[in-house]
Amino acid sequence: MLIDMNRIDVTYGKKLGAVPALKQVSLQVNEGEFLTIMGKSGCGKSTLLNVLGTIREPDGGTYFFDGKDVLQMKDSEKARFRNQNIGFVVQHFALLGERTIYDNIALPLHYMRIGNREIRVRVDSLLEKMELTDKKHKYPYELSGGQCQRTAIARALVTNPKLLLADEPTGALDEETGRNVMELLREINKNGTTIIMVTHDSDFAKLGSRSVTMQDGIFTG
């Protein structure tokens, strides 16, 4: 089992202004799954992804990743763990506008202090896979939405993560481009990467290997 999360609580605010975002949430995900999570805005989906990605510390519960007790790690250990094991893809791409497509994809490898030769090999391989080789020296504003999202996916994959977290990856795209991105994610999953994706699109949710629904901070199905 890759993910074993039990009785996770997250609350925003304090005292009378406290709002529970996750309430005793438990989630188990096997390696190689493609899990999709549906639910209305504000139901806790993105908060759950932030806990899974070690960006948000829960108020209670346990979280084991590949047998490691994530919540017992120090902040520096979590940062290293996150960079080595988890890739992130978000709705609006989160690319750095002042950096080229090549440099955006390479950025996580610089944080890991990978040598320049290895960086070139990894980035060029992903550029070819994402059909972006001819765009490597361009900037995000020069690309279409679909090309930006493929760049973001390449950046998430360049560290060879065990888990890819995708938060509404098709939300800013037209329907056809969204379907192309979904097919790309399915291919990535077939090659062994575990994916957890949040989506509002019921058709896209069905393309995963398993789908669950959240409402008011809990799983309802």
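These points cover two pockets and one helix of a predicted model.

1. Start with the largest pocket. It holds about 410 Å³ of space. Its lining counts 17 residues, and the closest to the pocket centre are Asn83, Ile86, Phe88, Pro108 and Arg155.

2. Next, where that lining comes from. Helix 2 (75-85), strand 6 (86-90), helix 3 (101-111) and helix 5 (145-157) each supply at least two residues of the lining. Strand 6 gives the largest share, with four residues.

3. The lining of the largest pocket has twelve nonpolar residues. Three others are polar and two are charged.

4. Now the second largest pocket. About 200 Å³ of space lies in it. Its lining residues include Arg122, Ser125, Leu126 and Lys129. Leu157, Val158, Asn160 and Pro161 also line this pocket, as do Ile188, Asn191 and Thr193.

5. Helix 4 (residues 116-129) gives the most to the lining of the second largest pocket: four residues. By type, that lining divides into five nonpolar, four polar and two charged residues.

6. Back to helix 2, which also helps to line the largest pocket. Lys78, Phe81 and Asn85 are buried in this helix. They lie on the same side of helix 2 because they cover an arc of only 65 degrees around the axis.

7. What covers these buried residues of helix 2? The cover includes strand 4 (60-65), strand 6 and strand 7 (163-167). Strand 6 thus appears twice in this note: it is part of that cover, and it supplies four residues to the lining of the largest pocket.

Methods. Residues are numbered from 1 along each chain as its sequence is written. This is a predicted model: local features need pLDDT of at least 70, side-chain atom pairs count only at pLDDT 80 or more; totals for chains, interfaces and linings use all residues. Side-chain values use heavy atoms; hydrogens and water are left out. On a 1 Å grid over the protein atoms alone, a cavity is a set of points where a 1.4 Å probe fits but cannot get out, and a pocket is an open set with protein on both sides within 12 Å along at least five of seven lines; lining residues have an atom within 4 Å of a point. Grid points are joined across faces, edges and corners, and a volume is the space filled by probe spheres set on the points. Ala, Val, Leu, Ile, Met, Phe, Trp, Tyr, Cys and Pro count as nonpolar, Asp, Glu, Lys and Arg as charged, and the others, Gly among them, as polar. Buried means under 20% relative accessible area, exposed over 50%, partly exposed in between (1.4 Å probe, protein chains only). The arc is that of the directions from the helix axis to the C-beta atoms. Contact means heavy atoms within 4.5 Å.
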